[in-house]
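Reader: I am new to this structure and would like to learn how to read its features one at a time. Could you take me through them slowly?

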Amino acid sequence: MNLHLPKSFINKIVTELECYEYVIRSNIKSIEECNLWVSEFGKLNNIKWNARSSRPCGKKMNCSKKFVCQHSSFRKVSREENKKGNSKNANCLASVTCMVKLDTHSTRKVDPYIKDGLYGVIRIKNKHNHSIDTAETLRFLPADKILKNTFFEYFNDNMGITDAINCHERILELKENFSLEVLANGSINPTYRTVQNWHNEWRLENLGPRSGSGLIEKIIQKIDVYKERNVIVKFKEDPFALVIITPLMQRAHSLKSSSNIVFVDSTSACDADNYSITFMLTPCAAGAVPLAIIITKGQTYSAYNTGFQLLKECGINCFGGVGWPKIFITDNAAAEINAIENNWPNSIHLLCIFHVCQAVWRWVWDSKNSIPKEKRPIIMKSFQSILYADTVHSSEKCFNESIKNSEFPNWSRYLNEHWQTRHKWCLAWRDESTKGHHTNNYSEITVRIFKDTVLSRVKAYNVVALLDFTCTVLEDHYCRRLMAFANCRHTKNRTARIFLDSLIKKASIIQKAHIVSKSKYEYCVQSEKDSSCTYEVNIMGGCCSCLSGKFGKFCKHQCAVYIHFDVISKSFPPVTPKDRYEIAILAQGNVSISPDFFQSFLSLNNCSQIDAPKESTDFLNYSNTNEQDYSHHKDNNVPNDSEIIENKETKNKSIHCIIDLIKSKDSMFGSSTAGLNILESRLKKITTEGQWQSFLHTAGNSAVALRKRPGAKIRVQPTSIARRLPRVTKGSKRLPSGRPANGEINTKKRKRNLGANVQLNVPNAKSHGHNH
């Protein structure tokens, strides 16, 4: 083979033998220069030399050092004993020995090369018993620190292991001296295992460990880092709670809607330790925007209460400067509701009607309640008649009829329990303050966005990773989506325009003579079907007395006022340039773009926005005037000391009962050693509150992994997979994009629709998420 010598040194070949042995003189002077010479020699010849022994000083020489080929048996197990993979041990005998002679009067006489400054004597035994320039051998070449730092930069740019490798290979392919041998060279294009080790080092340095004191220290460090980026992060260790308020969320608190209505929902199974993530959102013209994200160890009252207290102490004017929203909409999670009512007692709490109906339908389908299958749709429709009743009187009438006609005592008890909190879920007790929002679908969509778009259905490494993803990926997603709306590139622009056009067509049959202006903000619109019937339109409240507009939605009667009087209601669809400009300000802050930039392609009718009077921060009474004020007589569900003691006694009884049952089943059926070992292993692996709660709710069925695996998927429910359409993945991966494959068998799947499933008399299921 050709011998390539380092060009940064002066070299002279003194002896060249036939058996690949060379004696070279060089101008090296120290042990450090010996290392540099051998390192450069190895790179030029695609060989890695490992240090075998060294003598830093001596009487007859300055220093010496011996290097052996990386495929030698030095510090390696034999190929027979190696069980980890492809062994590098080839028992290669090639070596490089460097010796630096002393520069003295006597050595100059004996050695003429010292006079020329060639103090180094390098003996090379370059006969290898393995290939040198093949792809498999080049794979073993290690990478240097410069390449390692390059991949650290890839990781800093939010690339994973595979993304970083693909990006690096594409960069290599763009270079002029690229060849196929470059991709096989491990010193230029590192292997996956090498990059994986680098990623573990980078992850430990930037994200800390998965748990323990190191994680707490890393969170405290991140708080200072994000403070410089205008991100508010509040943290409390016991009980664990982490509140995140990004710049976009801070701007969202200045929206008027944030002082009116807020959606709250929680999810888990987003990281290895199953921390709970709570989203707080408020509606705007472009959908919903987050107000805060709270990460807690579990979904308990103390965890929620600590997180909400940290939000109140964040130092900004929360909820439009009022300090609390008028309405909270959540699902029926008792711990979350109790914490909300404890921290914001002036707010009204409402339940998502979809979750209420879903809970009732599941109760009806539960076999322990003994409801015959043919009676289940009848019972469900009777409950829906109570929920969707127009007035309080009709709701009470439907309730009394349901109790009177009930054939099942357990259903009567269940319905009576629900009736005690009717002001939270029955639509008869709601008015225009809800702005047409009766569900927390915005929260459900946000959970899907977080798991699909932000996490790509892969569990995060730890809580610090969730913090980083929230402050970077989620923030960027919402800013881009809001700017898409401002630039008329979002689907909501089209749907809002279509909705307005359809109402304009419906309202065009209403003549101006049929509309009477009672005041500056109130109008009477005559019904086109019944001349004796009129509808009251309140422009400031954005509501109408008709069924469509009574809860604050834009209806055809408000649209008729807009057409004939050029007055825009508060619930007008978000199609105006002002709406798009405000969303641009929300997305980017104080943008320098003029409001004229967001003018429509074809100007609307010359309609003038009414001058709204100054609104007071004191909210009006929410309940109906002829009914008891339920908003000020809240259920005092915050647990007191006696309830806590009683709960502990109940828990202890349950635990003793479970232990007795296990012993009883073991004596009856026996227990396999393998099964007991797995159960013991899973119990030992539980280190956090979230893992323990998951173990209890799933009876340990894969709730706690036997080992923590990086890149664990965020699982979905089996029923969710069964309902997926053809050509959609059947696993927990993200939905595939692009052109679908041909030859798929079209099979009909049951739609995820609670109303349709009630009609078909089949059970309903959750839409997404594990432990959600």
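Author: Please keep in mind from the outset that this is a predicted model. A record offers one place to begin: the UniProt annotation "domain: SWIM-type", which comes from an unreviewed entry, covers residues 535-566. Over residues 535-566 the chain is 31% helix and 19% strand, and the C-alpha atoms at the two ends are 19 Å apart.

Reader: How many strands form the open sheet that contains strand 14, and in what order do they stand?

Author: There are 4 strands in that open sheet, in the order 14-15-16-17, and their pairing is antiparallel. The edge strands are strand 14 (515-517) and strand 17 (543-544), each of which pairs on one side only. Strand 14 is joined to strand 15 (residues 522-526) in the antiparallel sense over 3 bridges, and within this part of the sheet Ile515 stands opposite Val525 of strand 15.

Reader: Which strands stand at the edges of the sheet with the order 1-2-6-5-4-3, and why do they count as edges?

Author: That sheet is an open one of 6 strands with antiparallel pairing. Strand 1 (11-16) and strand 3 (49-55) are at its edges, because each has a single partner strand and so one side of each is left without a neighbour in the sheet. On average, and with direction ignored, neighbouring strands of this sheet are turned by 20° against each other.

Reader: How can I follow a path across this sheet, residue by residue?

Author: One can move from strand to strand by way of the residues that stand opposite each other. Strand 1 and strand 2 (residues 21-26) run antiparallel and are joined by 5 bridges, with Lys12 standing opposite Arg25 of strand 2. Strand 2 then pairs with strand 6 (residues 120-125) in the antiparallel sense over 6 bridges, and here the bridge partner of Arg25 is Val121. Strand 6 is in turn joined to strand 5 (residues 95-100) by 6 bridges, again antiparallel, and Met99 stands opposite Val121. Arg25 also belongs to a network of salt bridges, in which it is linked with Lys101 and Asp111.

Reader: What should I understand by a salt bridge, and how many does the structure hold?

Author: Side chains of opposite charge can pair when their charged atoms come close. The structure holds 13 salt bridges. One of them joins Lys148 and Glu201, whose closest N and O atoms are 2.6 Å apart. Lys148 lies in helix 4 (residues 145-156) and Glu201 in helix 7 (residues 192-207), so this pair ties together parts that are 53 residues apart in sequence. Lys148 is partly exposed, with a relative accessible area of 23%, and Glu201 is partly exposed at 39%.

Reader: How far apart along helix 23 are Glu680 and Lys684?

Author: Glu680 and Lys684 are 4 residues apart in helix 23, which means that about one helical turn separates them. They form a salt bridge, with the closest N and O atoms 3.0 Å apart. Glu680 is partly exposed at 40% relative accessible area, whereas Lys684, at 61%, is exposed.

Reader: Which residues form the nonpolar patch on the surface?

Author: The patch is formed by Leu679, Leu683, Trp692 and Leu696, which together have about 360 Å² of accessible area. Helix 23 (673-685) and helix 24 (689-698) each supply at least two of its residues. Leu679, which is placed in helix 23, counts as partly exposed because its relative accessibility is 39%.

Reader: How should I read the backbone angles, and where do they depart from the general rule?

Author: Most residues other than glycine have a negative phi, and most peptide bonds are trans. In this structure Ser370 has a positive phi, near 55°, and it sits in the loop between helix 12 (353-365) and helix 13 (376-387). Arg457 likewise has a positive phi, near 60°, and is placed in the loop between helix 17 (441-454) and helix 18 (463-486). A cis peptide bond, with omega about -5°, joins Asp238 and Pro239, and Pro239 is in the loop between strand 7 (232-236) and strand 8 (241-245).

Reader: Is Arg457 buried or exposed?

Author: Arg457 is buried, with a relative accessible area of 6%, whereas Ser370 counts as exposed at 53%.

Note on methods:
Residues are numbered from 1 along each chain as its sequence is written. This is a predicted model: local features need pLDDT of at least 70, side-chain atom pairs count only at pLDDT 80 or more; totals for chains, interfaces and linings use all residues. Side-chain values use heavy atoms; hydrogens and water are left out. Two strands pair if DSSP finds at least two bridges between them. UniProt positions are given in the numbering used here, feature names are shortened, and annotations may be inferred rather than shown by experiment. Patches are made of residues with over 30% relative accessible area and no salt bridge: like charges are joined within 9 Å, nonpolar side chains (Val, Leu, Ile, Met, Phe, Trp, Tyr) within 5 Å. Accessible areas come from the Shrake-Rupley method with a 1.4 Å probe; for residues, only the protein chains shown count as cover. A salt bridge is a side-chain nitrogen of Lys or Arg within 4 Å of a carboxyl oxygen of Asp or Glu. Buried means under 20% relative accessible area, exposed over 50%, partly exposed in between (1.4 Å probe, protein chains only). Axes are lines fitted to C-alpha atoms, for helices over the stretch in contact, and angles run from 0 to 180 degrees between N-to-C directions.
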